[in-house]
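Me: I would like to go through some side-chain contacts and ask how each label is earned.

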Amino acid sequence: MTVTRARKVKQSSKRLICKEVVCKRPVSKKLICKPVRRRKSAFRAVSGIDQNLLDGTTAKVLYQVEELDLNNEYNPANSTFRPKQKGVYALFASVFFQTVTVTTFTLDLEIRVNGVPRISDQEDFTNTSGIIEASGLVQLQARDRVQVFATVLNKNVQIQSGLATRFEGARIN
């Protein structure tokens, strides 16, 4: 049995509709075509507790409050996204932080795939509160581990819980 991919085309009065189909050639000479179904993938989680980040340390940012998970791929217990399908994903992470004193410090935010930084942002701050964000497109394989890590230099900061500290993503292709 051979399997081929084809496009099934329907033409309505004003527009052309294309759907990807999988065609299998059975014992007889007639093709059987079924549409390929891809499950949607998207998630969003926010931080539920404040988290201390000490000078010179790297820590996983915790996003324990799951707000959306279309395909049951996000685990709020360990703040890890594991896609069930390979594809191109748009990912976004942000951290809202506060400090006590006004001094210059550096904050780095990374989205890591299987422990390797794939998306990052590094900024210098001089104020007592702010937001750092990292976002981009990444090619992921099924079951990759996607997590967010933060590093602070020259200061201790506190990552604040709430909507401004969030981790979200969706498969776009």
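The turns below take up charged pairs, then rings.

Reply: This is a predicted model, in which local features need pLDDT of at least 70 and side-chain atom pairs count only at pLDDT 80 or more, while totals for chains, interfaces and linings use all residues. Residues are numbered from 1 along each chain as its sequence is written, and side-chain values use heavy atoms, with hydrogens and water left out.

Me: Why is the contact between Glu168 and Arg44 called a salt bridge?

Reply: A salt bridge needs a side-chain nitrogen of Lys or Arg within 4 Å of a carboxyl oxygen of Asp or Glu. Here N to O is 2.6 Å, so the label applies. Glu168 lies in strand E16 and Arg44 in strand E4 (strands are DSSP runs of at least two residues, numbered from the N terminus), so the pair ties together parts 124 residues apart in sequence.

Me: What makes Arg44 partly exposed?

Reply: Buried means under 20% relative accessible area, exposed over 50%, and partly exposed in between (1.4 Å probe, protein chains only). Arg44 has 22%, so Arg44 is partly exposed.

Me: Why is the pair of Tyr63 and Phe167 called tilted?

Reply: Rings of Phe, Tyr and Trp (its six-membered ring) pair if their centres lie within 6.5 Å; planes under 30 degrees apart count as stacked, over 60 as edge-to-face and the rest as tilted. These centres are 5.6 Å apart with planes at 40°, so the pair is tilted.

Me: How do you know that Phe167 is buried?

Reply: Its relative accessibility is 0%, so Phe167 counts as buried.

Notes. Helix = DSSP H or I, 4+ residues; strand = E, 2+ residues; numbered from the N terminus.
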